[in-house]
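Student: Before we discuss this model, could you show it to me, and then explain the terms as we go along?

Tutor: Here it is.

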Amino acid sequence: MMRMEGQVAWVSGGASGMGEATAGLFAAEGARVAVVDVQEERGVQVANRIAEQGGDAVFLACDVAEEGQVRASIETTVARFGKLQAVVNCAGIVHVGRLDDYKEKDWDRLMGVNLKSIYFSLKYAIPHFRAHRRSYMVNIGSVGSLVGQADTPAYTTSKHAVLGLSRSIALDYARDGLRCNCICPGITDTPMLRYHLSTTPDPAAALAQRLQRVPTGAVIRPVDVARAAVYFCSEASAGITGTSLVIDGGYIAAAEWETSGPTRFSEEP
């Protein structure tokens, strides 16, 4: 039995990385999906691929930092599918640099995409959520929601705030049947990770060095995050709200760690 049969989901950042994996898995689990992103070509490809595999999806171009565009995308989702029951906020950007080197516009842009977008999505989704006995919101945080990370002060600040906002949403809207949870991935194979690594002299060496601090020794796959999102957006997780799920291969489980070589987690399952 498909766990999301009959649901309609709005997934931001759905054109790549964790958002793409989430949109695809939601469709495979029976949901109809709005793939929301600024990357039009990639987003259309994701929606088309879902349709080719027997699912139902539409791509909606949307800058999630713009309130009017978020509102329009949610209204279009409901007009197309008739309802809305789940929102997953995967859209996110990173800016590498020290705080004193930041420009105000860089700070504001990152906060708009990573944080303000969640406020917008809840604001315009909640009237539709209230039409259901149960509804779901999942916000993608980071291990940076729980610990500090070097050279990404705005990103780390935004991800700490994502976790706090998720908890507040869970408290304030429980009476409406909404459960809100936060997923905090570690080193995940996404375009954002590849961009971050590209700022180093040797990206491959930088990744290998980072993975030495991961007990499993392996990069997290976007589908691993998508599976957690399916769990939170189904009644398999009934009773769970206002919490965070860390998916990091043990990255923040220890103060010190060095993986001496490949582990079984480094192999394909």
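Tutor: Let us begin with a term: a disulfide here is a pair of cysteine sulfur atoms within 2.5 Å. The model is predicted, with local features needing pLDDT of at least 70 and side-chain atom pairs pLDDT 80 or more, while totals for chains, interfaces and linings use all residues. Residues are numbered from 1 along each chain as its sequence is written, and side-chain values use heavy atoms, without hydrogens and water.

Student: Why is C62 not bonded to C90?

Tutor: The closest cysteine sulfur to that of C62 belongs to C90 and lies 14 Å away, which is too far for a bond. C180 is likewise in no disulfide, its nearest cysteine sulfur, in C182, being 7.9 Å away, and a search of the whole structure finds zero disulfides.

Student: What makes C180 buried?

Tutor: Buried means under 20% relative accessible area, with exposed over 50% and partly exposed in between, for a 1.4 Å probe and protein chains only. C180 has 0% and is therefore buried, and C62, with 3%, is buried as well.

Student: Why are strand 3 and strand 7 said to stand at the edges?

Tutor: Strands are DSSP runs of E with at least two residues, helices runs of H or I with at least four, each numbered from the N terminus, and two strands pair if DSSP finds at least two bridges between them. Seven strands form an open, parallel sheet in the order 3-2-1-4-5-6-7. Strand 3 (56–61) and strand 7 (244–247) each have a single partner strand, so one side of each is left without a neighbour in the sheet.

Student: How do you know that strand 6 pairs with strand 7?

Tutor: Strand 6 (residues 178–185) and strand 7 are joined in the parallel sense over four bridges, and P185 stands opposite I247 in strand 7.
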